[in-house]
Amino acid sequence: MTAGPSRHEPVLPEAVVEALRPCLNGLVVDGTAGLGGHTEALLDAGATRVVAIDLDPDAVHQLARRFRDDPRVQPIHASYADLPQMLGAERPTGVLLDLGMSSRQVTTAERGFSFRLKGPLDMRFDATAGAPAARLVNRLPEDELAALLRDYGEERRARAVARRIVASRPLESTTQLARVVAGAFPGRRRLHPATRTFQALRIATNEELEVLDQGLAGARLALRAGGRLAVIAFHSLEDRIVKRAFRTWAGDGAGEVLTRRPIRSGRTESRRNPRARSARLRVFAKANGD
């Protein structure tokens, strides 16, 4: 059963607008547009044109409906990793990447992202392409599964979790997997025992870290001289990649890191929107001559 859609609230909208304010008179790319919260904030701030990209066909459909009367917005079904090829000779003044899942994906049981809602073990951002998470869960050897949980989920009990998963195969639903994983954690815990396992499987299923590396390089290449790239990460794996890339670019003279430390949500936003608690925004400005 699908949970009813809730009002989408983007994370750090004011900070995103301020980061990209110098870019609003040119083409701005919302590379992970989701339901369009950041796109709307940029338009309200005066953006003249936004290309709203998402890998999820359902999200693109929702974007097209939401902005059907606004000629400034162009929804596109694509991966932000393909930005240079997608834009061709056109060069944006600003690019935004809001990494991770959208609220709609999490609350739609059939997508398989939530360990709280019963659904298939899918977890694909684009359900029309690639293999679902079930293939990893039910086919990976125990050693490879443990390495995946450790590397992508930073799961300390990766070996114990992998052992239980392999012993319980085949697994078909999200809630079934969550129960199996919980068995590897004695006692009560503040964080749901399946949180890191689901993160790891989602990242691996969508090759998120590889896509992020490719997308950052592509955004730098596509940006107009003096343009800005703003990236919101939600866990340390993503944030380390963004931080390392920005520092390397700055060291090579390709531009300037505008955020000495990542911008975090304030107490008010974190209370209103729990997803914002782990969000970290970093901003890079491309050199005028690059």
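Both Arg 111 and Asp 56 are buried, and that pair makes a good way into this predicted model. Charged partners, nonpolar cores and aromatic rings are the main topics below, followed by a short visit to one serine.

**Salt bridges**

- Arg 111 and Asp 56 are joined by a salt bridge, with their closest N and O atoms 2.7 Å apart.
- Arg 111 sits in the loop between α5 and α6, while Asp 56 sits in the loop between β2 (49–54) and α3 (57–66), so this bridge ties together parts that are 55 residues apart in sequence.
- How many salt bridges does a search of the whole structure find? There are 16.
- Another salt bridge brings together the side chains of Asp 98 and Arg 275, at 3.9 Å from N to O.
- Because Asp 98 belongs to strand β4 (residues 94–98) and Arg 275 to the loop between α13 (267–272) and β7 (280–286), the pair ties together parts that are 177 residues apart in sequence.
- Are these two partners buried or exposed? Asp 98 counts as buried, at 10% relative accessibility, whereas Arg 275 is partly exposed, with a relative accessible area of 25%.
- Asp 122 and Arg 124 also meet through their side chains in a salt bridge, at 2.8 Å from N to O.
- Asp 122 counts as buried at 12% relative accessibility, and Arg 124 is buried too, with a relative accessible area of 13%.
- Glu 142, Asp 143, Arg 159 and Arg 163 are joined into one network by salt bridges that share partners.

**Nonpolar cores**

- In soluble globular proteins, nonpolar side chains tend to be buried together.
- The largest nonpolar core here has 30 residues. Leu 148, Leu 149, Ile 165 and Leu 177 are the ones with the most contacts inside this core.
- Five helices each supply at least two residues of this core: α6 (133–139), α7 (142–153), α8 (158–168), α9 (174–182) and α10 (195–206).
- Which helix gives the most to this core? That is α8, with five residues.
- Leu 177 is a good residue to click on in the 3D view. Setting aside neighbours within four places in sequence, Leu 177 is in contact with Leu 121, Val 137, Ile 165, Leu 171, Phe 198 and Leu 201.
- Apart from this core lies another one, of 29 residues, and its members include Leu 83, Val 95, Leu 216 and Phe 284.

**Aromatic rings**

- The structure holds five aromatic pairs.
- One of them is formed by Phe 113 and Phe 125, which are stacked, with 5.7 Å from centre to centre and 25 degrees between the planes.
- Phe 113 and Phe 125 are 12 residues apart, and each is in the loop between α5 (103–107) and α6.
- Both Phe 113 and Phe 125 are buried.
- Why is the pair of Phe 246 and Trp 249 called tilted? The ring centres are 5.5 Å apart and the planes meet at 40 degrees, and tilted pairs are those that are neither under 30 degrees (stacked) nor over 60 (edge-to-face).
- Phe 246 and Trp 249 are three residues apart in helix α12 (residues 236–251), so about one helical turn separates them.
- Phe 246 is buried, with a relative accessible area of 1%, and Trp 249 counts as buried at 8% relative accessibility.
- Phe 284, named above in the 29-residue core, is linked with Phe 246 and Trp 249 into a cluster by ring pairs.
- A charged residue meets a ring as well: Arg 157 lies over the face of Phe 185, at 5.8 Å from the ring centre.

**A look at Ser 173**

- Where is Ser 173? Its place is in the loop between α8 and α9.
- Ser 173 is buried, with a relative accessible area of 9%; the cut-off for buried is under 20%.
- The side chains of Ser 173 and Thr 175 are joined by a polar contact of 3.4 Å.
- The Ser 173 side chain also reaches the backbone nitrogen of Gln 176, at 3.1 Å.
- Leaving aside neighbours within four places in sequence, Ser 173 is in contact with Lys 118, Gly 119 and Leu 121. Leu 121 is also one of the contacts of Leu 177.

Notes. Residues numbered from 1 in each chain as written. Predicted model: local features only at pLDDT ≥ 70, side-chain atom pairs only at ≥ 80, totals over all residues. Heavy atoms only, no water. Core = buried A, V, L, I, M, F, W, Y, C linked by side-chain atoms within 4.5 Å. Buried < 20%, exposed > 50% of the residue type's maximum accessible area, 1.4 Å probe, protein only. Helix = DSSP H or I, 4+ residues; strand = E, 2+ residues; numbered from the N terminus. Contact = heavy atoms within 4.5 Å. Phe/Tyr/Trp six-rings, centres within 6.5 Å; stacked < 30°, edge-to-face > 60°. Lys NZ or Arg CZ within 6 Å of the ring centre and 35° of its normal. Salt bridge = Lys/Arg side-chain N within 4 Å of Asp/Glu carboxyl O. Polar contact = N/O pair within 3.5 Å; in protein donor to acceptor, adjacent residues only side chain to side chain.
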